[in-house]
Amino acid sequence: MNTATLAGTARNAIVLRMAETPIVHIIDDDESTRVVLDSLLRSVGLQTLTYASVDAFLAAPRPDATSCLVLDVRMPGIGGLDFQSQLTELGIHLPVILITGYGDVPMSVRGMKAGAVDFLTKPFRDRDMLDAIAIAVKRDQGRRAADAEDARLREKFATLSPREQQVMQGVAAGRMNKQVAGD
């Protein structure tokens, strides 16, 4: 095997390992917070990708792997709560853990109502962060499994003839056999 082939094989192995290990995306404008979180999460075997801003996160490629997002609430530019509300519009379906050094009850309520897994105030306990990440990863695994099942069903549906698809739509809508046959 030549050096180029070995390099390609090693690169593929790294990508494969990354895809098997959950990835935690950390967006925080405070470098020390990013470094501490990166160190903590890597110490328990998680992959991390860190970003100083929402724009940096959006500009970077995201591996297709089980992931979650640790998002600081207060940052220059777009803040965490505003970005959280835009995620679905952007087609990003990652569970979110919000962190802040300046939290209040209305802020945490807003984040939780928008679907955040947890809302942690800095400084947070390592165990609280790891627990929140475990919940977020499990949530993303469930979403990915549901998406895969949905894709599998759509593929099967596409193999049906137009008439079979019409019958299936009637059955899926809850219509009785007599009603579908009458149509």
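**Entry 1: the packing of helix H2**

I began with the partners of helix H2 in this predicted model. Its buried residues pack against four strands, S1 (23-27), S2 (47-51), S3 (67-72) and S4 (96-100), and against helix H6 (126-158). I then listed the buried residues of H2 and found Thr33, Arg34, Leu37, Leu40 and Leu41. Viewed down the axis of H2, these buried residues lie within an arc of 135°, so they line one face of the helix. I noted the general reason: an α-helix has 3.6 residues a turn, so residues three or four places apart point the same way.

Which exposed residues does the face of H2 turned away from its buried side carry? I found Glu31, Val36 and Ser43 there.

I also checked the length of H2, which runs over residues 31-43. At 1.5 Å a residue, its 13 residues should span 18 Å, and the C-alpha atoms at its ends are 18 Å apart, which agrees. Just after H2, I recorded a positive phi of about 90° at Gly45.

**Entry 2: Phe119 and the loop after S5**

Next I looked up Phe119, which I located in strand S5 (residues 118-121). Is Phe119 buried or exposed? Its relative accessibility is 13%, and buried means under 20%, so Phe119 counts as buried. Setting aside neighbours within four places in sequence, I found Phe119 in contact with Val73, Leu98, Thr100, Gly103, Met107, Ser108 and Met112. I also compared Phe119 with Val96: they are 23 residues apart in sequence, and their C-alpha atoms are 9.1 Å apart in space.

In the loop between S5 and H6 I came to Pro123. The peptide bond from Lys122 to Pro123 is cis, with omega near -5°.

**Entry 3: a nonpolar patch**

On the surface I noted a nonpolar patch formed by Val167, Met168 and Val171, with about 220 Å² of accessible area together. I placed Val171 in helix H7 (residues 162-172). The relative accessible area of Val171 is 42%, and I therefore entered this residue as partly exposed.

**Entry 4: the whole chain**

Finally I turned to the protein chain as a whole. How many helices and strands does the protein chain have? I counted eight helices and five strands. Along the sequence they follow the pattern α-β-α-β-α-β-α-β-α-β-α-α-α. Of the 183 residues in the chain, 33% are buried. Among contacts with a separation of 6 or more, 62% come from residues 24 or more positions apart. I closed with the accessible surface of the chain, about 11100 Å², of which 55% belongs to carbon and sulfur atoms.

Technical notes
Residues are numbered from 1 along each chain as its sequence is written. This is a predicted model: local features need pLDDT of at least 70, side-chain atom pairs count only at pLDDT 80 or more; totals for chains, interfaces and linings use all residues. Side-chain values use heavy atoms; hydrogens and water are left out. Patches are made of residues with over 30% relative accessible area and no salt bridge: like charges are joined within 9 Å, nonpolar side chains (Val, Leu, Ile, Met, Phe, Trp, Tyr) within 5 Å. Accessible areas come from the Shrake-Rupley method with a 1.4 Å probe; for residues, only the protein chains shown count as cover. A salt bridge is a side-chain nitrogen of Lys or Arg within 4 Å of a carboxyl oxygen of Asp or Glu. Helices (H or I, at least four residues) and strands (E, at least two) are DSSP runs, numbered from the N terminus. Buried means under 20% relative accessible area, exposed over 50%, partly exposed in between (1.4 Å probe, protein chains only). The expected span of a helix is 1.5 Å times one less than its number of residues. The arc is that of the directions from the helix axis to the C-beta atoms. Contact means heavy atoms within 4.5 Å.
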